[in-house]
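Got the model open in your viewer? Let's take a tour, one selection at a time.

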Amino acid sequence: MSDNDSTTLTAESPALPVREVLDKQLTRETVAALGGCVRCGLCAESCHYYAAQPELQNMPVYRGEAVRKFIRKANGHTKQLFHRPAKAKSNDSSSLDSLADMAFGKCTLCRRCTVNCPVGVDTASLMRTARSIATASGKAPEILVQLADAAISRGENIELFRDMLLDRLKELETETRNKINDPTFSIPVGKKGADMLFVGLSGEHSIVPPSILFHYAKANWTLSLFEASNYGSFIGDSERSKKIAQRIIDEARDLGVKEVVIGECGHAYTVLRWEAPKWFKQALPFRVRSLIEVLAEWVESGRLILNPEANPEPVTYHDSCNLGRNGGLLEEPRVVLRAAVKDFREIYPNREESYCCGGGSGMVAVSEWEERRMLAGLPKARQIKATGAKIVVASCDNCRIQLTELNERYNLGIKVTGLADLVVNAVVNKR
Amino acid sequence: MIDIPLTFLIVSLTVALAGVGVWTFQLFSRDSACDPSPGKGSDKLGVLYAFTLGMLPWKKESARLHWMVYLRGICFHIGIFAGILALLLSIFSIAGGGTLSLVLSILMWIGAVAGVAAIISRAADANLRGISNPDDYISPALIILFMSTGALHVTGLIDAVYFYVAASVLCLYLPWSKVRHCVYFFFSRGKIGAMMGHRGLLNGHSGKLKT
């Protein structure tokens, strides 16, 4: 096999475009993660997979080593030192299968091991590199690739979807007007001169509560035609990720908004707020905030006045890894919850030390990994149970799905909801 | 007349420094993703935090759960630094004095004991054994040898030649060992600290928002 052949994708010989992927992915950060681990094993308990099942294969260091071995095979130790082009001769289809299974199905990129590593080895960045290799080799879970491609296709053919979407939004507007008994309620779309572009998720549950709150707060806003999710980031494909993010950037630019507000979604916030500027090598021409930050500001400033008696049941908050540890939104949800509910209780550990629920980074979309996911969520289920809360707030859709399923599996007796839903209940200053 | 052990040591040190140079080159020849996103906190304070308060044992769950391992690691590394100081004093024939020699010796012995404990616990724990490779035993063993001979030398129990040979062997092995983390440690921890600072993770739990 020649060097050039290593990038060829054929049915007989699985794709091994390792060279291109490594050239792009081996940044300074990844090289440090490759070389910095001393295999002390202190990361073990920080992983929810290990906490649920304390086995060797569930240690972050074990997974990191697997990626190191794969890259070493592809690169050769000496070649790695001197940056010669990588060859992928020694990594066959089965080792790529194992790599893909581990990177997508046994790590949620939560970065809990990274913050607990004495050296600061970013195992998540190695797993993201492994995801990139697997995706480029055609080994990524098909559903994640399809979801990423569907989002790109929607961006390229928005005219085909626009009328259908607008019709449904009209219905939703009418339903919500009746529900809140307010004929002035509206869901504006494509409104030029709006201050804020709100990007929800694919699902009315992510649009209606925020719309009601924007209405009550008299915000000058408009709804995005796109959903905030970015499955390109889950599969470690920077080109797809950029295309998906670009749709929202273009829309915001066309409408001339001052800021883009991302609905209750963990990865979508981190992607647009923190990662996209790195991909495009420049700051975005508008502010990016999470709905949680907007609500916290409005609650603190008195623009939204809340009555905690409206939510009398004990409530706890699950810190999504992408919003909290990776996104920096630790206090904002608590500011809102303390104002919106009567009995707020913390899960331990919380904030940047919070455990992943096991549903992140695309796991909930892959049905064949359900059992794995349920097992990985066991530590979080136990922590929730210990709070005695009846309502669990999760400001991330993947977390909500996972926690709802954990509730059913482990009989937690809870209701899982979004932050905005509780705030809608508690608003006093309605129009 | 050429001092053969000292010459061997100097050659070995050069090899070790060349290894550190290669690792550093390898690291910095790669692109680093600059972060043009408007920060929610201070990158610089984050870096400062990573190398100060962030190093404290109660700041990390992993250290809280394994405080003995944390303490062992601290002792081991202090022993290494004491050994390096003892080696430099010996090479440049600087008389450290009785008290300094005694302190260095004690620190190196503590470091060596911590190293032995680390090797035993690695060998005894099935999971740790599973993730280990030969270097995980060779590197600490050579460092223990370095610290032990150093401790014996500074207290006058053995001649410098043994200390130099132990140091030389360690230096020759160093470029191929996991000791490379001494370069990556500063970069990785600094980066994580900068990220935490930039994204506002260190803005405190006062409830005061910085949006």
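Start by selecting Val393(A): across from this residue, in strand β8(A), stands Thr417(A). Now colour the two strands. β7 (residues 391–394) of chain A runs parallel to β8(A), and three bridges join the pair. Strands here are DSSP runs of E with at least two residues, helices are runs of H or I with at least four, and both are numbered from the N terminus; two strands count as paired if DSSP finds at least two bridges between them.

A word on what you're looking at: this is a predicted model, where local features need pLDDT of at least 70 and side-chain atom pairs count only at pLDDT 80 or more, while totals for chains, interfaces and linings use all residues. Residues are numbered from 1 along each chain as its sequence is written, with chains lettered from A and ligands numbered from 1 in the order in which they are written.

Next, bring up the whole sheet. Its four strands go β6-β5-β7-β8 (chain A), open and with parallel pairing. Which strands stand at the edges? Those are β6 (343–345) and β8 (415–417) of chain A, and each has a single partner strand, so one side of each lacks a neighbour in the sheet.

Now colour chain A by domain: domain 1 is 4–140, domain 2 is 145–297 and domain 3 is 304–426, with bounds from an automatic or database domain assignment. Zoom in where domain 1 of chain A meets domain 3 of chain A: 13 residues of the former are in contact with 18 of the latter (contact means C-beta atoms, placed from the backbone, within 7 Å). On the domain 1 side, α3 (48–52), α6 and α7 (112–116) of chain A each supply at least two residues. The largest share, four residues, comes from α3(A).

While you're in domain 1, pick Ser95(A), which sits in helix α6 (residues 93–105) of chain A. Is Ser95(A) buried or exposed? Partly exposed, because 18 other C-beta atoms lie within 10 Å (20 or more would make a residue buried, 12 or fewer exposed, with C-beta atoms placed from the backbone). Add Phe70(A) to the selection: 25 residues separate it from Ser95(A) in sequence, yet their C-alpha atoms are 8.0 Å apart.

Last stop: show chain B. Here 45 residues of chain B are in contact with 51 residues of chain A. On the chain B side, α1 (4–28), α3 (61–65), α4 (67–91), α6 (126–131) and α9 (181–198) each supply at least two residues. Select α9(B) to see the largest share, eight residues.

Notes. Two residues are in contact if their C-beta atoms, placed from the backbone, lie within 7 Å.
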